[in-house]
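User: I am new to this structure and would like to go through it step by step. Could you take my questions in turn and explain how each answer is reached?

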Amino acid sequence: MGDGTGYVSRIADEIERTQLDMADGLLGHAEDMLGCERVTVPELRFLARGLSDALRDVRHIAESRGARLPATAQGLDAGED
């Protein structure tokens, strides 16, 4: 495993940033849509699909970053002090 500063790590970080930015934008769009009384069922299904995809991406990022934590930091998550 690298030190997190190499070319592949920088590309992965950029992809993660893009995914998080897209998820953030989609959340704002969802808030607007859910506040509108004229939203159609197909529009809500499309929104739900986008939110599901964004949540999957964010979960993947969290799992990936969690796997890179030092063992001592992971131990704290398990309730150890």
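Analyst: Let us begin with one residue of this predicted model. Asp-24 has its place in helix H1, and its C-alpha atom is separated by 10.0 Å from that of Leu-51, which is 27 residues away along the chain.

User: Is Asp-24 buried or exposed?
Analyst: A residue counts as exposed when its relative accessible area is over 50%. The relative accessible area of Asp-24 is 56%, and therefore Asp-24 is exposed.

User: Which elements make up the secondary structure of the protein, and in what order do they run from the N terminus?
Analyst: The secondary structure comes to three helices, with zero strands beside them. Read from the N terminus on, the order of the elements is α-α-α.

User: What span does H1 reach from its first C-alpha to its last?
Analyst: Helix H1 covers residues 7-34, and it has 28 residues, for which a span of 40 Å is expected at 1.5 Å a residue. The span in the model is close to that expectation, at 41 Å.

User: Which residues of H1 are buried, and against which helix do they pack?
Analyst: In H1 the buried residues are Glu-16, Ala-23, Leu-26, Ala-30 and Met-33. The element against which these buried residues of H1 pack is H2.

User: Which helix gives the largest share of the largest nonpolar core?
Analyst: This core is made up of six residues, namely Ala-23, Leu-26, Ala-30, Met-33, Leu-47 and Ala-54. Both H1 and helix H2, which covers 41-67, supply at least two residues of the core. The largest share, four residues, comes from H1.

User: Which residues is Met-33 in contact with, leaving aside its neighbours within four places in sequence?
Analyst: Met-33 belongs to the largest nonpolar core and is one of the buried residues of H1. Once the neighbours within four places in sequence are left aside, the residues in contact with Met-33 are Val-39, Glu-43, Leu-44 and Leu-47.

User: With which residue does Glu-16 form a salt bridge, and how many residues apart in sequence are the parts that the pair ties together?
Analyst: Glu-16 counts as buried because its relative accessibility is 7%, and, not counting residues up to four places away in sequence, Glu-16 touches Ile-61, Ser-64, Arg-65 and Arg-68. Among these, Arg-65 is the salt-bridge partner, with the closest N and O atoms 3.0 Å apart. Since Glu-16 lies in helix H1 and Arg-65 in helix H2, the pair ties together parts that are 49 residues apart in sequence.

User: Which residues are joined into one network by salt bridges that share partners?
Analyst: Asp-53 forms a salt bridge with Arg-56, in which the closest N and O atoms are 3.0 Å apart. The two are three residues apart in helix H2, so about one helical turn separates Asp-53 and Arg-56. Through salt bridges that share partners, the residues joined into one network are Arg-49, Asp-53 and Arg-56.

User: What accessible area do the residues of the nonpolar surface patch have together?
Analyst: The patch is formed by Tyr-7, Val-8, Ile-11 and Ile-15. One of its members, Ile-11, lies in helix H1 and counts as partly exposed because its relative accessibility is 38%. Together the residues of the patch have an accessible area of about 430 Å².

How values were computed. Residues are numbered from 1 along each chain as its sequence is written. This is a predicted model: local features need pLDDT of at least 70, side-chain atom pairs count only at pLDDT 80 or more; totals for chains, interfaces and linings use all residues. Side-chain values use heavy atoms; hydrogens and water are left out. Patches are made of residues with over 30% relative accessible area and no salt bridge: like charges are joined within 9 Å, nonpolar side chains (Val, Leu, Ile, Met, Phe, Trp, Tyr) within 5 Å. Accessible areas come from the Shrake-Rupley method with a 1.4 Å probe; for residues, only the protein chains shown count as cover. A salt bridge is a side-chain nitrogen of Lys or Arg within 4 Å of a carboxyl oxygen of Asp or Glu. Buried means under 20% relative accessible area, exposed over 50%, partly exposed in between (1.4 Å probe, protein chains only). A nonpolar core is a set of buried Ala, Val, Leu, Ile, Met, Phe, Trp, Tyr and Cys residues joined through side-chain atoms within 4.5 Å. Contact means heavy atoms within 4.5 Å. The expected span of a helix is 1.5 Å times one less than its number of residues.
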